[in-house]
Amino acid sequence: MKRSSKHSSLALVALTLLTIVGTTLHTRAQSQNQAPRPASSRADETLDRWNDIGNKLVAMAQDFPEDKYDYKLQKDQRTFALNLLHAAALDFVLIRRVSGSNLGPDFGEGDNPSREAFKTKADVVKFVQEAVADGAKVIQQQGDAGLDKTSKFFGNRLAHNSAIWMFAIEHSGEHYGQLVVYYRANNLVPPDSRR
């Protein structure tokens with residue numbers, strides 16, 4: 001009796017596994033045979049990438065301990081706070097060019113605001129949040145047609161707004177990567193790595 005009970009249990013386990021594998025393969029085959037979902041508009045795709053990296057920087061600004069905001073790995077690098085301020089300021093510089101308006105707060109000339117202008121963690125967080133929100137608003141307002149327009153870029157040349165947005169997104173990604181190193185150097189886990 002023991003032997004047949006053991007065989008019955010093994011048979012039940014095998015049957016369950018075969019059912020799961022069969023269902024998974026059937027589901028995959030069905031989804032591969034279906035037509036792919038249509039692409040989103042170019043503006044929606046740009047907005048998705050903008051918000052993705054922007055929200056990562058916002059999360060870092062909110063999460064990193066304020067007493068470490070002036071931390072830097074080496075003497076000739078930007079501090080944690082200055083990295084965030086620079087990324088957001090460059091976003092504002094580019095947002096202003098693409099929109100033809102003066103969105104955002106006054107942070108002086110260039111794209112390296114001083115820490116004196118943004119003394120607290122709350123000041124820095126608000127600045128990064130405003131940059132992400134204002135950029136998203138411009139992308140949505142201008143839509144696909146706005147991506148095809150040209151604006152003055154660096155070096156006194158024109159560029160399509162789509163290229164300017166890609167530049168801004170990539171630039172923010174570079175600073176996100178640097179800030180991940182700041183987290184790790186302080187034995188902290190970046191927000192995006194906690195999932």
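Which residues of the largest nonpolar core touch the most other members? In this predicted model, the core in question holds 46 residues, and those that touch the most other members are Trp50, Tyr69, Phe80 and Leu84. Several helices contribute to this core, for helix 2 (42–63), helix 3 (80–99), helix 4 (121–148) and helix 5 each supply at least two of its residues. Among the contributors, helix 3 gives the most, with 13 residues.

Trp50 offers a convenient point from which to look at the surroundings of one of these residues. When its neighbours within four places in sequence are left aside, Trp50 is in contact with Asp91 and Ile95, with Ala131, Val132, Gly135, Ala136 and Ile139, and also with Trp165, Ala168 and Ile169.

Two asparagines deserve attention for their backbone geometry. Asn156 is found in the loop that links strand 1 (150–152) to strand 2 (158–160), and its phi is near 50°, which is a positive value in a residue other than glycine. The relative accessible area of Asn156 is 64%, and because exposed residues are those over 50%, Asn156 counts as exposed.

The second of these residues, Asn187, is placed in the segment that follows helix 5 (161–185). Its phi, near 55°, is again positive although the residue is not glycine. With a relative accessible area of 75%, Asn187 is likewise exposed, so that a positive phi and an exposed position are found together in Asn187, as they are in Asn156.

Key. Residues numbered from 1 in each chain as written. Predicted model: local features only at pLDDT ≥ 70, side-chain atom pairs only at ≥ 80, totals over all residues. Heavy atoms only, no water. Helix = DSSP H or I, 4+ residues; strand = E, 2+ residues; numbered from the N terminus. Buried < 20%, exposed > 50% of the residue type's maximum accessible area, 1.4 Å probe, protein only. Core = buried A, V, L, I, M, F, W, Y, C linked by side-chain atoms within 4.5 Å. Contact = heavy atoms within 4.5 Å.
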